[in-house]
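Colleague: I am new to this structure. Please pick one part, look at it closely, and tell me what is there and what it connects to.

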Amino acid sequence: MFDKILIANRGEIALRIQRACRDLGIKTVVVHSEADREAKYVKLADESVCIGPPAAAASYLNVPAIISAAEVTDAQAIHPGYGFLAENADFAERVEKSGFVFIGPRPDTIRLMGDKVNAKQTMLKAGVPCVPGSEGALPEESEELVRIAKRIGYPVILKAAGGGGGRGMRVVHTEAALKNAASLTRGEADAAFGNPMIYMEKFLENPRHIEMQVLADEHKNAIYLGERDCSMQRRHQKVIEEAPAPEITPRQRARIGERCVEACRRIGYRSAGTFEFLYQDGEFYFIEMNTRIQVEHPVTEMITGIDIVQEQIRVAAGEKLRHRQRDIEVRGHAIECRINAEHAFDFTPSPGKITAYHTPGGPGIRVDSHVYQGYTVPPYYDSMICKIIAYGTTRDQAIRRMRIALSEMVVEGIQTNIPLHQELLLDTRFVRGGMNIHYLEQKLSQAKKLEESR
């Protein structure tokens, strides 16, 4: 096991990783920008190193500075968290070539799954069901584009091969709009990801977003920890996540989970990972694999009792998985609400000083947060300041506990999206479960039209 790990991230995930390390008796080094000098995890770390000014490009994305910090503090491994450099194969490669252990998959695996075209082809070979679409990157010839779209059937969605996070995507409903849409998407893909390649898939009208959590080691052992429903989202950004997914049967879970595990073995996957699917009419369709820890990993931890971050660390140290598939049992239900520093219904950011802060408690409540009273939320990074996770023996109990938790949560000095969460937890469609990925945006659009008509 490692003696010291450098955490190459910020916010709640930096504190989450730090706590996992302390529980394992591992010392931590935290790198931070000038803007995060007063962060809780910086004060709690065994060592901290300032690696640059507030801008992420000059700090959290500054690879030489991070490597240098690991060298001067004599760290043995680097945990990238999520976002920033977590799925950057070149960074993972640089970490390993510099003599450190990257706590995540191997660089070639990250590179393979980061290219959505190659990832899809790999999944098809492994027997994982995929959305009908182009067999590879799209050609630039307009006639061939039209032919492929006709074979798939409109509407179709164009996606950046090197994309992620909801960027580089465009839905096309007619042949007349296809050529221009392809040109725009290529340009966006090149600008955002440095890769102009795009591909085409059938656009599913009413899908849910279901993802499967997996763990795998370098000894070809792999297990799945059940699925999460992340359908409550806006502009491809998740707002509420839950596990297990409503209306997914144990048989369905086992069927798709076993295929994901087999895919892990085929590609030699190591670490925690998530297979993301669109689910419609009883069928799963693979869309991408996230080769990192997910923001929503706590809901899976709550229903399985497994510390996913600690397992990442153990696997990176060369240990075999401590659990077999027969040991994994899904118990109860968990829901996570992402609390952001933003106006609740127009989503404009609200950085600033938190003048009052009180987190909820009680049976089944977990709060993952790096902020405190007096903390200043910087304007430079993601607006998430807290995750509230509510666990219950049933989904209904988890919902009731989350409502209570939201009512107890106090954040003053800045605006948050707590009122939106409170409204959603009372929404009859959410309470029933199984809404599609378009539900929240449609709900918000209808509310806006109603407000404008008054």
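Modeller: Start with a sorting rule. Ala, Val, Leu, Ile, Met, Phe, Trp, Tyr, Cys and Pro count as nonpolar; Asp, Glu, Lys and Arg count as charged; the others, Gly among them, count as polar. Keep in mind that this is a predicted model.

My part is the second largest cavity. It holds about 40 Å³ of space. Its lining is D229, S231, M232, I240, E241, E242, F430 and M435. Two elements give two or more residues to that lining: β10 (222–234) and β11 (237–243). Sort the lining by the rule above. Four residues are nonpolar, one is polar and three are charged.

The cavity is one of three of 30 Å³ or more. The largest has about 50 Å³. R10, H370, Y375, V377, P378, D382, S383, M384 and I385 line the largest cavity. That lining splits into five nonpolar, two polar and two charged residues.

Now go back to the two strands. Ahead of β10 comes a loop from β9 (208–216), and K220 sits in it. The phi of K220 is near 70°, positive although the residue is not glycine. Most residues other than glycine have a negative phi, and most peptide bonds are trans.

The loop from β11 to α9 holds P244. The bond from A243 to P244 is cis, with omega about -5°. A second cis bond joins Y154 to P155, with omega near 0°. P155 is also in a loop, the one between α7 and β6 (156–160).

Next comes helix α9, residues 250–267. Its 18 residues reach 26 Å from first C-alpha to last, close to the 26 Å expected. Which residues of α9 are buried? They are Q252, R253, I256, G257, C260, V261, A263, C264 and I267. These residues are on the same side of α9, because their arc around the axis is only 155°. An α-helix has 3.6 residues a turn, so residues three or four places apart point the same way. The face of α9 turned away from the buried side carries R251, E258 and R266, which are exposed.

C260 deserves a closer look. The structure holds zero disulfides. For C260, the nearest cysteine sulfur belongs to C264, 7.1 Å away. A disulfide needs the two sulfurs within 2.5 Å, so this pair does not qualify. C260 has 0% relative accessibility and therefore counts as buried, since the limit is under 20%. C50 is partly exposed instead, at 32%.

One more space takes in a residue of β10. R234 helps line the second largest pocket, along with R235, F345, D346, F347, E441, L444, S445, A447 and K448. That pocket has about 280 Å³ of space. Helix α15 (residues 439–453) gives the most to the lining, with five residues. By class, the pocket lining has four nonpolar, one polar and five charged residues.

Is F347, in this lining, buried or exposed? F347 is buried, because its relative accessibility is 13% and the limit is under 20%. F347 lies in the loop between β14 (333–340) and β15 (352–353). Its phi is near 65°, again positive in a residue other than glycine.

Note on methods:
Residues numbered from 1 in each chain as written. Predicted model: local features only at pLDDT ≥ 70, side-chain atom pairs only at ≥ 80, totals over all residues. Heavy atoms only, no water. Buried < 20%, exposed > 50% of the residue type's maximum accessible area, 1.4 Å probe, protein only. 1 Å grid on protein atoms, 1.4 Å probe; cavity = no way out; pocket = protein on both sides within 12 Å on 5 of 7 lines; lining within 4 Å. Points joined across faces, edges and corners; volume = space filled by probe spheres on them. Helix = DSSP H or I, 4+ residues; strand = E, 2+ residues; numbered from the N terminus. Expected span 1.5 Å × (residues − 1). Arc of directions from axis to C-beta.
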